[in-house]
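User: I am new to this structure and would like to understand how its labels are earned. Could you walk me through some of them?

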Amino acid sequence: MVVKRRLGVLLAGTVLGTSFLIAAPAFADDAQMQQQINAMQRQLQTMQAQLAQTKKDAAAAQQQASTAQQQASTAQQQASTAQQQVQNIPPNLYNADLPIPTKGPAWFDTVHISLAGTFIAAEGVFRARNEISSGASDPPFGTIPFQNSPLWSENEFRMSAQQSRIAFKATGDIDPAQHLKGYFEMDFLGAAQTANSRESNSYTPRMRQAYFAYDNDNYHFHMSAGQEWSLLTQNRVGMLNGTENTPLTIDAQYVVGFNWSRQPAIRFVEDWNQIAWFGVSVESSQTAFASNGAAVAGTPNTGLTVPPGLSVNATNTCNAAGLLDSITSCSNNIAPDVIEKFALDPGWGHYEALGLQRVFTDQISPAGVLNQWSQKTTFGWGVGGNALMPVWPKFIDLQGSVLYGQGIGRYASSQLADATIGPNGQVLPITAVQFLVGGVAHPFAGNDIYVYYGQEQTQRNAWTVGGVNGGWGNLAFAESGCGNAAAAAGLISPAAFNMATATCTANIQRAQELTVGFWQDVYKGDLGRVRFGVQYEFVQLDLFNGTGSVAGGLHPNNNIVFFSARYYPFN
């Protein structure tokens, strides 16, 4: 408006000036007239220049105002977007199933990362008999002090965080029908030579699982390879990795009669609409000779007595230079264990039938004869089945499992012997049966109550050659010293589970356990889950009768109570 008024004034002045010139009388001098005209023209040019500059300044001001308005609008839009993002924070932000933000390579956008299964544990145990074991786990249940040991009358209390676990899973899709998964899991239940419970309590990380898996939906084909649960382990559904039906016990050794192993394996599975499943697994093999905590050595307790006139090599100290633990033994194996499983998920319950084939070998030579070593091979086998039944859906589940065969000892929690040395020096598999029954109730939200009963039983497989008594469960094995506590003078350290190996050479006929316990969630939300649990177990061993057996037989036992508090930050 200011510009327009100025322009009007200038134009009006020009018209008035022009009219004045026209109306004025003629000047006598034309030169003077021309001078006046030139002066007015210069004045007009000056006013025109001023008008042009004013227009330019007005346009620039208008442009600055428009830019400022646009910037303000953009800032307002950004603020509104940020506020909407804050309002839309998902409630499961801390869930491990959410992708981890990353600036990694492009392929990382298609890989899903999960830490579910990771937890921190604070646990402890009270044992009526001293098993000198972790506060998070019993030793194999075939290891209980005999009455002849000071450990029999000693109580034991320990605490532990060793069962704390780190789990890492990566999944991705090759295409809509093909899927890949990698899984790694570790805890701290290992103990190096530098580990101690006196000060630092620094225990060794231990690999539990490390495998990858491939699934093809079009062909209903599945494959996995690495260290994983044995295919022999019961599943909740199907038979793929991650669906194992492990007991809910705090005790990391689980329960007597539970069939399991975690070992290197290659597994192949085919399913029919995920109702029927068939799988074959090729798994790492080892032969267990030990019994009741005795080291693998040539004593009757281990079943490694050699017939007279023979030299036998059935097991060796593992080689530290070969990256194996030199304080344990490695058996001589030439072939993997092979396991087959058929499973059904008909819509109510889960049912399995399974088979196991094993190969046992040793080297035999006539004693004192040069260059006469020969390899001898025998075979072991097992058949069994599992069932899981939701008798009251979402409230009570019942389960059962059984395995019968020869050479199956190491596939259950007591770790009873697979085999013994036979009368001809060959490895002789021991016939055994293992079973577990149990139930889990869910009476209210966040609560699980469980009860299990299991047995592992072996049969005699004994011989006497040339006055030498060998095999497993021999009636000639001495038992007179098994029930009498040794009381030699001086410090007894360390105390052994069996303090009278010369007069107590009995083998274990049966291990059995009854256990009950519960878990209760005390928090479950965006920050994960906190659980508290208590477990009681009664474990008993029944020994084969031998010479000097006490009336009623020998039945070492233990009463054990575990407690646990766990935080699962990603579950």
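User: Where is Gln415 found?

Analyst: Gln415 is found in the loop between β16 (396-406) and β17 (419-421). Keep in mind that this is a predicted model.

User: Why is Gln415 called partly exposed?

Analyst: Its relative accessible area is 31%. Buried means under 20% and exposed means over 50%, so with 31% Gln415 falls in between and counts as partly exposed.

User: What is the phi of Gln415?

Analyst: Phi of Gln415 is near 55°, a positive value in a residue other than glycine. Asn273 also has a phi near 55°, again a positive value in a residue other than glycine.

User: Where is Asn273, and does it count as buried or exposed?

Analyst: You will find Asn273 in the loop between β8 (262-272) and β9 (276-283). The relative accessibility of Asn273 is 60%; the label exposed needs a value over 50%, so Asn273 counts as exposed.

User: How do you know whether Thr305 is buried or exposed?

Analyst: Thr305 has a relative accessible area of 12%. That value is under 20%, so Thr305 is buried. Its place is in the loop between β9 and β10 (310-313).

User: What distance separates the C-alpha atoms of Thr305 and Thr420?

Analyst: Those two C-alpha atoms are separated by 8.1 Å, while the residues are 115 apart along the chain.

User: Let's turn to Asn196. Why does Asn196 count as buried or exposed?

Analyst: Asn196 has a relative accessibility of 16%. The limit for buried is under 20%, so Asn196 counts as buried. Asn196 lies in the loop between β5 (178-190) and β6 (204-216).

User: What does the side chain of Asn196 reach, and what makes that a polar contact?

Analyst: The side chain of Asn196 reaches the backbone nitrogen of Glu199 at 3.1 Å. A polar contact needs its N or O atoms within 3.5 Å, and 3.1 Å meets that distance limit. Leaving aside neighbours within four places in sequence, Asn196 is in contact with Asn201, Ser202 and Tyr203.

User: How do you know that Cys318 and Cys330 form a disulfide?

Analyst: The two sulfur atoms are 2.0 Å apart. The rule asks for sulfur atoms within 2.5 Å, so this pair counts as a disulfide. The pair links distant parts of the chain, twelve residues apart: Cys318 is in the loop between β11 (315-317) and β12 (329-331), and Cys330 is in strand β12. With 110° about the S-S bond, the link of Cys318 and Cys330 is right-handed.

User: What makes Cys318 and Cys330 buried?

Analyst: Cys318 has 7% relative accessibility and Cys330 has 19%. Both values are under 20%, so each cysteine counts as buried.

User: Why is the link of Cys482 and Cys504 a disulfide, and why is it right-handed?

Analyst: Its S to S distance is 1.9 Å, which is within 2.5 Å, so the pair is a disulfide. The torsion about the S-S bond of Cys482 and Cys504 is about 100°, so the disulfide is right-handed. Cys482 and Cys504 are 22 residues apart, and each lies in the loop between β22 (468-472) and β23 (508-525).

User: How many disulfides does the rule give, and what is the pairing?

Analyst: The count comes to two disulfides. Numbering the bonded cysteines in sequence order, the pairing is 1-2, 3-4.

User: Why can Cys482 and Cys504 belong to a nonpolar core?

Analyst: A core takes buried residues of certain kinds, Cys included, joined through side-chain atoms within 4.5 Å. Cys482 is buried at 1% relative accessibility, and Cys504 is buried at 0%. Both are among the residues that touch the most other members of the largest nonpolar core, which has 15 residues. β24 gives the most to this core, with three residues.

User: What makes β23 and β24 a strand pair?

Analyst: Pairing requires at least two bridges, and 16 bridges join β23 to β24 (residues 528-543), so the strands pair. They run antiparallel, and a hairpin joins them through two residues. Tyr523 stands opposite Val530 in β24.

User: Which strand pairs with β24 over twelve bridges?

Analyst: That is β25 (residues 557-568), in the antiparallel sense. In β25, Ala565 is the bridge partner of Phe532.

Note on methods. Residues numbered from 1 in each chain as written. Predicted model: local features only at pLDDT ≥ 70, side-chain atom pairs only at ≥ 80, totals over all residues. Heavy atoms only, no water. Helix = DSSP H or I, 4+ residues; strand = E, 2+ residues; numbered from the N terminus. Buried < 20%, exposed > 50% of the residue type's maximum accessible area, 1.4 Å probe, protein only. Polar contact = N/O pair within 3.5 Å; in protein donor to acceptor, adjacent residues only side chain to side chain. Contact = heavy atoms within 4.5 Å.
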